[in-house]
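Got the viewer open? Let's take a short walk through the model, one selection at a time.

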Amino acid sequence: MPRVTPILTTFNGGEMSALLYGRVDFKKYPNSCRLLENMIPLAQGPATRRTGTRYVSDTRNHLAAWLLPFEFSTVQAYVIEATDQKFRFFKDRGRIESPPGTPIEVATPYLEADLPALRWAQAEDTMYLVQAGHQIRKLTRSSHTAWTLSTVQLLDGPYLDEKVNLTITPSAASGSVTLLASAALWSAADVGRSVRLKHGSTWSWFIVTAYTDTTHVTADVKAIGTGAATTSATASAAYRLGAFYSGNWPQLVAFYEERLLFAATSAQPRTIFASRVGLFEEFSPSKADGTVEDDYAYTFTLTEGGVNALRWMSAGQTLAVGSSDREVILRASSLDEAITPTNVTARSQSTRGSAAHIPVRVDDQVLYIAKARRRLYEFAYNFEADRYRSPDMTLLATHLAQPKLKGLVWQGDPFGMVWAWRDDGVLLGFTYLRDQDVTAWHRHPLAGDDVKVLSAAVIPGDGEDELWLVVERTIDGATRRFVEVLTYAFAPDNATDLEYGVFVDASLQLDNAIALELTPGAGATVRGTTGVVFTSGGAAFVVGDVGREIRRRYLDAATGTFKWARAQITGYTSATQVAAKILSAFPSTAAIAAGGWHLTVTTITGLSHLEGQTVQILADGATHPDRVVAAGAIALARPVAIAQVGLGYASRIETMNLEAGAADGTAQTRQQRIHQLGILFVDTVGARFGSSAEDLETIPFRSGADAMDAPPPLFTGTKRVAFPKGYDDGVRIRIEQLQPLPLTVAALVPRVVTND
């Protein structure tokens, strides 16, 4: 019966499909997990608990919503909530309102059913939006509270191919004219459409303003370039009709090489239309005399793939394009050149086929959902083949893409992750760090009843990227939809820095800091002193504050840890002065800056979005008994200054069956037993361990040396525990966190006996 002590140091293989449970020969097997739930594998090897989400607001009327990122810069970034015929705006983890309580709204033509197919591209303060059923629009930001959505009338194009099958005669040389076609040509859908007419070698440009019948429309004569708005009142030798018109709008938009690109109308599903360089709304194919220069607009149709529609465009060194049957790169004939109307080429690279969705670009790679929506592919350059390939990124975790993938967003900082959500609303994470050879899947079911993620967006935040979500839940018997944002990664300054850790979903924070200066009186530095006078710099107190505590959180220079100074109010003198008993000594009697002290509460209000729900509470860094929200509030068992309140969720990591200890051959299917386990934790409090959900035991984290009136400090080090499981056909290890506390597992060291 061999005894071995293997070490598991890396969990960044991610959650692995059952199809690979027997692949002990696979190099990622020992680094992978059977279950990785609400845990994020790090590039360094450990797995850490994801933080919770913060409730921001209800969606408008609790409607289903789609989120759009609007990024002017890293410090001016917004999230747009798109609901049925309305946009709302968010910034700095809050909704933009003016006046307070009244959200800024912009009316839109987009119905709820249109939103999943809405596409956008942004340049500075302007975002261009396309949707197959609607004219092109642009959203313009003038300030945080000033937004305008307007239709876009493109200039001089883009056009269909030149035709000579009939003539068109303008009634006059300028102004508003009638265009007479020599045969049936026009329809009511042509209103707003561009038309080019050729007289001799000169082109003129018109916009149709009214429809009369199939041979007559009214149009305005427009100027081409800097010339006068004139034409010839004679029959045309050739004509070109605008490619965009009512019922035939583009479905894709992107910026590439200083051009605005549109693509995929219903009439031309494989055609890309590019603007002039630097003139995003001008699509002139030539000068009036027919001369074409390099900066003029171009139109390109992908001929390979029949009529299979384009699904996405992604701009990088080349323009990557996905269709329902293949993936293509669009570029100049030489990589050192920009694309011009005369040198554009397309090269088919792979034939996976794409779903109609927005891909994510990570450096030179594009990640996109397959046409059947059960795979995630990576479109990346392969040096050996000298072309782009599309390897399957879900090959090791095929079960996680069932049911189908619905959308993707990229959060580069802090962990380098693709977030994906499925048709059933389950949120998935895919750690994607190619330079570290880390590609790992993990699941992130949010807390709540009947919970579904409906949409997501990522924008730059304060030091890291922010993941925003639209989440649907059943609350108090009704369907509710919230805008939420994932809180920042837990990064404590020291072992006592836990009060602001968020490990609950749909959460709110109580931080009852008082925005006034406070001066402790004589005796405040000695525990047990009574009658100590506290004087505030403004009206801070009321008679009913007697019994409440004044608290100050400060960094103790001697220990390098945070401590709480506490004083219980025993007497009220005025709105600016009270007397108190010192429960924990203050570091000095120097004035405390505004916002540097708190008054405790025993009731937390403002929780109406969680009415009837059982919530978890982290109170001043310590766990608190669960409470049920009633009338939007909860009553606490003890006074609290800082609290995190929300829906609790489970975080779990379960290893693969251990492949260790056999005297000959494999250890799989042999009777094994772990009799002792060493767990290396980092910044952790509270956890359970075992081999399965049925035999978990709690790991103690509080020691006799810890103060009983303070939460146990974060633990970094090794816990050694006796394992609760006997012999079994293969053994594995499960670590779980159910409390609103952090968990990071850096390594597992089991002592294993194998019965040969």
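Before you click anything, a bit of vocabulary: buried means under 20% relative accessible area, exposed means over 50%, and partly exposed is what falls in between (1.4 Å probe, protein chains only). This is a predicted model, in which local features need pLDDT of at least 70 and side-chain atom pairs count only at pLDDT 80 or more, while totals for chains, interfaces and linings use all residues. Residues are numbered from 1 along each chain as its sequence is written, and side-chain values use heavy atoms, with hydrogens and water left out.

**Stop one: Arg141**

Select Arg141, which sits in strand E14 (residues 134-143); strands (E, at least two residues) and helices (H or I, at least four) are DSSP runs numbered from the N terminus. Is Arg141 buried or exposed? Arg141 has 8% relative accessibility, so it counts as buried.

Now show its polar contacts, meaning pairs of N or O atoms within 3.5 Å; within protein, one atom must be able to donate a hydrogen and the other to accept it, and residues adjacent in sequence count only if both atoms are side-chain atoms. The Arg141 side chain reaches the side chain of Gln76 at 2.6 Å and that of Asp125 at 2.8 Å. Widen the selection to contacts (heavy atoms within 4.5 Å): leaving aside neighbours within four places in sequence, Arg141 touches Phe70, Phe72, Gln76, Tyr78, Asp125, Ala146 and Trp147.

**Stop two: the strands beside E14**

Next, colour E13 (residues 126-131), which runs antiparallel to E14 and is joined to it by five bridges; strands pair if DSSP finds at least two bridges between them. A hairpin of two residues links E13 to E14, and Gln131 stands opposite His134 in E14.

Then add E15 (residues 146-151), antiparallel to E14 with six bridges. Here too a hairpin makes the connection through two residues. Look for Leu139 facing Leu149 in E15. While you're tracing the strands, remember that in a regular strand the side chains alternate between the two faces of the sheet.

**Stop three: Val543 and Asp556**

Jump to Val543, in the loop between strand E43 (532-536) and strand E44 (549-556). With a relative accessible area of 56%, Val543 is exposed.

Follow on into strand E44 to find Asp556. At 16% relative accessibility, Asp556 is buried. Its side chain makes a polar contact of 3.1 Å with the side chain of Thr559. Beyond its neighbours within four places in sequence, Asp556 is in contact with Thr561 and Lys563.
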